[in-house]
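Below is a short walk through one protein model. Keep the sequence and the coordinates open while reading.

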Amino acid sequence: MSEGTRFCSYCDEPITEERPGTPVVKISISAGGARLWLHDKCPKRPAFVRRYPA
């Protein structure tokens with residue numbers, strides 16, 4: 001895969017220096033070793049919801 005512009009897998013906006021991101025999942029080598037990226041503070045990403053009792 002080429003190392004072109006990276007896009008957030010959640011909001012589909014580019015990862016830039018102003019809006020940095022991190023790789024969260026590495027897909028199998030059969031997919032070319034692709035990585036999924038998410039913005040560190042994605043505007044469309046839902047807030048954390050605790051689904052279990054404390």
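Which residues form a nonpolar patch on the surface? In this predicted model, the patch consists of Val 24, Val 25 and Leu 36, and together these residues have about 220 Å² of accessible area. Val 24 belongs to strand E1. Its relative accessible area is 46%, and Val 24 is therefore classed as partly exposed, since that class covers values between 20% and 50%.

Strand E1 spans residues 21-26 and also contains Thr 22. With a relative accessibility of 36%, Thr 22 is likewise partly exposed. Leaving out residues up to four places away in sequence, Thr 22 touches Leu 36, Trp 37, Leu 38 and Asp 40. Leu 36 has already appeared as a member of the surface patch. The C-alpha atoms of Thr 22 and Arg 35 are 9.7 Å apart, with a separation of 13 residues in sequence.

Strand E2 covers residues 35-39 and includes His 39. Is His 39 buried or exposed? His 39 counts as buried because its relative accessibility is 1%, and the cut-off for buried is under 20%. A polar atom of the His 39 side chain lies 3.1 Å from the backbone oxygen of Pro 14.

His 39 is also among the residues in contact with Cys 11; the others, apart from neighbours within four places in sequence, are Arg 19, Cys 42 and Lys 44. Cys 11 and Cys 42 both sit in the largest nonpolar core. That core has six residues, the remaining members being Cys 8, Ile 15, Trp 37 and Leu 38. Trp 37 and Leu 38 are also touched by Thr 22 of strand E1.

Technical notes
Residues numbered from 1 in each chain as written. Predicted model: local features only at pLDDT ≥ 70, side-chain atom pairs only at ≥ 80, totals over all residues. Heavy atoms only, no water. Core = buried A, V, L, I, M, F, W, Y, C linked by side-chain atoms within 4.5 Å. Buried < 20%, exposed > 50% of the residue type's maximum accessible area, 1.4 Å probe, protein only. Contact = heavy atoms within 4.5 Å. Helix = DSSP H or I, 4+ residues; strand = E, 2+ residues; numbered from the N terminus. Patch = residues over 30% accessible without salt bridge, like charges linked within 9 Å, V, L, I, M, F, W, Y side chains within 5 Å. Areas by Shrake-Rupley, 256 points an atom, 1.4 Å probe, with all protein chains shown as cover. Salt bridge = Lys/Arg side-chain N within 4 Å of Asp/Glu carboxyl O. Polar contact = N/O pair within 3.5 Å; in protein donor to acceptor, adjacent residues only side chain to side chain.
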